[in-house]
Amino acid sequence: MHEQHEKPSVLFVCIHNAGRSQMAAAYLQHLAAGQIEVRSAGSAPADQVNPAAVAAMLEEGIDISANVPKVLTVDAVAASDVVITMGCGDTCPIFPGTRYEDWQLADPAGQGLAAVRPIRDEIKIRVTELVESLGIPLATG
């Protein structure tokens, strides 16, 4: 059963939970300043966050180096108001009343920093739009 929460809850899902979903979650935490509950997970989590994603986010002043990829669970999906998938196909369970979006983004796996920057920048634009669509004021600074 899907429940509405006092503050919106967003789950980012990709296959390895090592690049796109980690960057998106970090941006959402940063831009929403704690006004949105943020989760990320992967259908087949990697051992560590992609070093190029870590470096790209550090350029933005956001440190994700201590993050650990997590496995996607039905409970995480059920507890989320919005589920954003990024190239994980049909591995995400569907719950009535939950908003789903599929963001078509290049996979940063195996890419260098120069290739990851445009992916990061696209994620920032989409996360900014997501925060605004949830009626949350963007954090400044």
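Against which elements do the buried residues of α1 pack? In this predicted model, they pack against three strands, β1 (9-14), β2 (37-42) and β3 (82-86), and against the helices α2 (51-58) and α4 (113-133). Helix α1 itself covers residues 20-32 and reaches 18 Å from its first C-alpha to its last, close to the 18 Å expected for its 13 residues. The helix is mostly covered, with 11 of the 13 residues buried; among them are Met23, Tyr27, Leu28 and Leu31, along with polar residues such as Ser21 and Gln22. Just beyond the helix, Ala33 adopts a positive phi of about 50°.

The sheet makes a good next stop. Four strands form an open sheet in the order β2-β1-β3-β4, with parallel pairing. Because β2 and β4 (99-102) stand at the edges with a single partner strand each, one side of each has no neighbour in the sheet. Neighbouring strands are turned by 15° against each other on average, direction ignored. Between β3 and β4, the parallel pairing runs over four bridges, and Val83 stands opposite Tyr100 in β4. Helix α1 lies across β1, β2 and β3, running at about 160° to β1.

Helix and sheet come together again in the nonpolar interior. The largest nonpolar core holds 33 residues, of which Phe12, Leu28, Ile64 and Val127 touch the most other members. Two or more residues come from each of β1, α1, α2, β3 and α4, and α1 gives the most, with eight. Apart from this core lies another, of nine residues, including Val13, Ala41, Ala78 and Phe95.

Definitions and conventions:
Residues are numbered from 1 along each chain as its sequence is written. This is a predicted model: local features need pLDDT of at least 70, side-chain atom pairs count only at pLDDT 80 or more; totals for chains, interfaces and linings use all residues. Side-chain values use heavy atoms; hydrogens and water are left out. The expected span of a helix is 1.5 Å times one less than its number of residues. Buried means under 20% relative accessible area, exposed over 50%, partly exposed in between (1.4 Å probe, protein chains only). Contact means heavy atoms within 4.5 Å. A nonpolar core is a set of buried Ala, Val, Leu, Ile, Met, Phe, Trp, Tyr and Cys residues joined through side-chain atoms within 4.5 Å. Two strands pair if DSSP finds at least two bridges between them. Axes are lines fitted to C-alpha atoms, for helices over the stretch in contact, and angles run from 0 to 180 degrees between N-to-C directions.
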